[in-house]
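This report introduces one protein model to a reader who has not met it before. Please look over the sequence and the structure shown next, and then follow the sections below.

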Amino acid sequence: MRESGTVTHPAPPPSTLENPRAARPGGTWWAALAGVVAAATGFAVAEVVALVVSPAASPILAAGAAVVDQVPPWLKDFAVATFGTYDKAVLLATMAVVLALGAALAGWLELRRRPGGTLLLVAVGTVGAAVAVSRPEATLWWALPTAVGVAVAALVLRAATSRLVDWQDDVAAVARSRDEPPTESPRTAAERRVEIDRRRFLTYTGVAAVGAVLVGVGARALAAGARGVSAVRAAIRLPAAATPAAAVPAGAELGIAGLAPYVTPNDDFYRIDTALRAPQVDPDTWVLKVTGMVDEPFEITFAELLALPLTEHHVTLTCVSNYVGDDLVGNALWLGYPVRELLARAAPQAGADMVLSTSVDGWTASTPLDVLQDTGRECLLAVGMNGEPLPVDHGFPARLVVPGLYGYVSATKWVTELKVTTFAQDLAYWSTRGWTPRGPIKLASRIDTPSVGVTLDAGTVTVAGVAWHQHTGIAKVEVQVDDEEWVEAELAEVVSADTWRQWVHRWDATSGSHTLRVRATDADGQVQTSDTAPPAPDGATGWHEVDVRVR
Ligand SMILES: Nc1nc2c(c(=O)[nH]1)N[C@H]1C(S)=C(S)[C@@H](COP(=O)(O)O)O[C@H]1N2
Ligand SMILES: [Mo]
């Protein structure tokens, strides 16, 4: 320490701003906290700006969407298998943790070597803005929320760090004064300064933190309310179908506890998509374009669509990511306009063999043209699901539904374009990530009850489940207990080959541990394979087994 001759109290210490290596025990954690609070403030302000620009321009959502797009097949597989429909919540939570760690690092850097933390914020912000701008539906304006957010975060970080530095300098001064002759009063003054500057830092950081939470939560609430289309959706009255669905026979529903109902209620219907927040599409501005290798490209509005003669049809959707025995499968009554009619109106050209359907958020699916043109298959541009307008999560205002193909190659939600093209020319979203371009649904069966690991009483046990091979149909389901003979289950009725089929078997259970196994045979006589395959790249196979104990 330098002494300045005549003065009895220590010289003011060199400011730690100029001397970043000055020891500041205890400052590190506070600096990390300041970093986190500064980043939170930035994100909150960005959410407010995103309210004006576009709800999806929120840096968190845009970055999350980009992460989702980078996900390789095995990771998607893992995420869906492990977290199911909560995969997005897990992704956002993971991002929050990573960002918080980065922000803490920025705080620490800013304390150690100004403006290191600010530079880190700007660097991350630049990447974030670039990512937001490169989203499929983005404009240059999408950089604005991130830019403003980073500016605010940098200001807060700087202000908080200055207060922290003052406080820690005071602490250092007190420590130094202990080495001095015990002149009571300067030390007390220094200690008072410590207290004042400590309060200044804590007050500033606390106010910023509370402000960030209030502003952030408020902005999210406004985004959910003001920009949502739930109210518009609730006001829509769908027309009756010109071609109504076949009535569901009473015998289609076995009504067994634990067995999936024949028609899945909308609220229980699985949801799989890459959208962190379901796109909010206003039906008044929505149009579907039919483009590509066609002689007569055209556009159709929602009002025009509803004025056409609509068809109603039950179709069971299935996700390619479904593991044997899992529940990414659901059956609904869809109301829509046949896609083959739309295609006929556009007049596809010779050589085309695929329709690339695009969602408002840029997601795409590749569907064979001949499937969509097939007069024997009800491929719908759907607007209704189980008697209601499509739920927002399920593609409001319009989506595709194709019997017999996995969702990733057919079931485009929030669909805005049908481009007639070729498999040689265009690859769809999941096909660029290792999944096969054509995805017919594989023959499958599932035991719904009893569930894995339960203990049952000896005697008659109801074993029941569902089996599906959409557009071919299920002809037989067999159950095997341990290594006994396969026995035929009783089949429920169905409205058509496009839905799953319930089955039931009354098992005379004897005490001990048992394995129940199921396999289906389709209407073409194909027996479900016992070969096990994972979901990637074209759907899982294998027999579903359930282990139970009987007492
Ligand atoms: N726009 C869009 N549509 C999409 C997807 C998507 O990620 N984005 N995922 C598809 C997949 S993989 C499946 S399995 C079905 C699921 O439809 P659901 O969420 O209504 O059950 O939607 C399909 N349509
Ligand atoms: Mo899927």
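Which residue is the bridge partner of Ile 474 in β18? The sections below give the answer along with the strands around it, and it should be kept in mind throughout that this is a predicted model.

## The five-stranded sheet

In β18, Ile 474 has Asp 522 as its bridge partner. This pair belongs to the contact between strand β14, which covers residues 474-481, and β18, where the two strands run in the antiparallel sense and are joined over seven bridges. Both strands are part of an open sheet of five strands, whose order is β12-β19-β18-β14-β15 and whose pairing is mixed. The edges of this sheet are formed by β12 (455-456) and β15 (487-488), each of which pairs on one side only.

On its other side in the strand order, β18 is followed by β19, and these two strands pair in the antiparallel sense over seven bridges. One of the residue pairs that can be located here is His 514, whose bridge partner in β19 is Val 548. Strand β19, made of residues 544-550, also pairs with β12, but in the parallel sense and over two bridges; here Leu 456 has Val 550 of β19 as its bridge partner. Strand β18 (residues 512-522) is largely enclosed by the rest of the structure, because nine of its eleven residues are buried.

## Spans annotated as transmembrane

An unreviewed UniProt entry lists residues 29-53, 89-109, 116-133, 139-157 and 201-223 under "transmembrane region". In the model, residues 29-53 are 100% helix and 0% strand, with the C-alpha atoms at the two ends 36 Å apart. The span of residues 201-223 is likewise 100% helix and 0% strand, and its end C-alpha atoms lie 32 Å apart.

## Helices α4 and α5

Helix α4 (residues 87-112) and helix α5 (residues 116-133) have axes that come within 6 Å of each other and cross at roughly 145 degrees. On the α4 side the contact is made by Gly 102, Leu 105, Ala 106, Leu 109 and Glu 110, while α5 contributes Gly 116, Gly 117, Thr 118, Leu 120 and Leu 121. Sorted by class, the contact of α4 with α5 has five nonpolar, four polar and one charged residues.

Thr 118, which is found in helix α5, can be followed a little further. It counts as buried because its relative accessibility is 15%, where the cut-off for buried is under 20%. Leaving aside residues up to four places away in sequence, Thr 118 touches Glu 110, Ala 154 and Leu 157.

## The annotated domain and helix α10

The unreviewed UniProt entry places the feature "domain: Oxidoreductase molybdopterin-binding" at residues 277-426. Over this span the model is 13% helix and 38% strand, and the end C-alpha atoms lie 27 Å apart.

In helix α10 (residues 339-346), the buried residues are Val 339, Arg 340, Leu 342, Leu 343 and Ala 346. They lie on the same side of α10, because they cover an arc of only 160 degrees around the axis. Just after α10 comes Ala 347, which takes a positive phi of about 60 degrees. Ala 347 lies in the loop between α10 and β5 (354-359) and counts as partly exposed because its relative accessibility is 22%.

## Less common backbone geometry

Most residues other than glycine have a negative phi, and most peptide bonds are trans. Against this background, Ala 347 can be mentioned again for its positive phi in a residue other than glycine, and His 471 is a further case, with phi near 75 degrees. His 471 lies in the loop between β13 (459-468) and β14, and with a relative accessible area of 25% it is partly exposed.

Cis peptide bonds are found at two prolines, which can be taken in turn. The bond from Phe 396 to Pro 397 is cis, with omega near 10 degrees, and Pro 397 is found in the loop between β8 (388-389) and β9 (399-401). The bond from Thr 449 to Pro 450 is also cis, with omega near 0 degrees, and Pro 450 has its place in the loop between β11 (444-449) and β12.

Terms used:
Residues numbered from 1 in each chain as written. Chains lettered and ligands numbered in written order. Predicted model: local features only at pLDDT ≥ 70, side-chain atom pairs only at ≥ 80, totals over all residues. Heavy atoms only, no water. Axes fitted to C-alpha atoms, helices over the stretch in contact; angles between N-to-C directions. Helix = DSSP H or I, 4+ residues; strand = E, 2+ residues; numbered from the N terminus. Contact = heavy atoms within 4.5 Å. Nonpolar A, V, L, I, M, F, W, Y, C, P; charged D, E, K, R; others polar. Pairing = 2+ DSSP bridges. Buried < 20%, exposed > 50% of the residue type's maximum accessible area, 1.4 Å probe, protein only. UniProt positions renumbered as here; feature names shortened; annotations may be inferred. Arc of directions from axis to C-beta.
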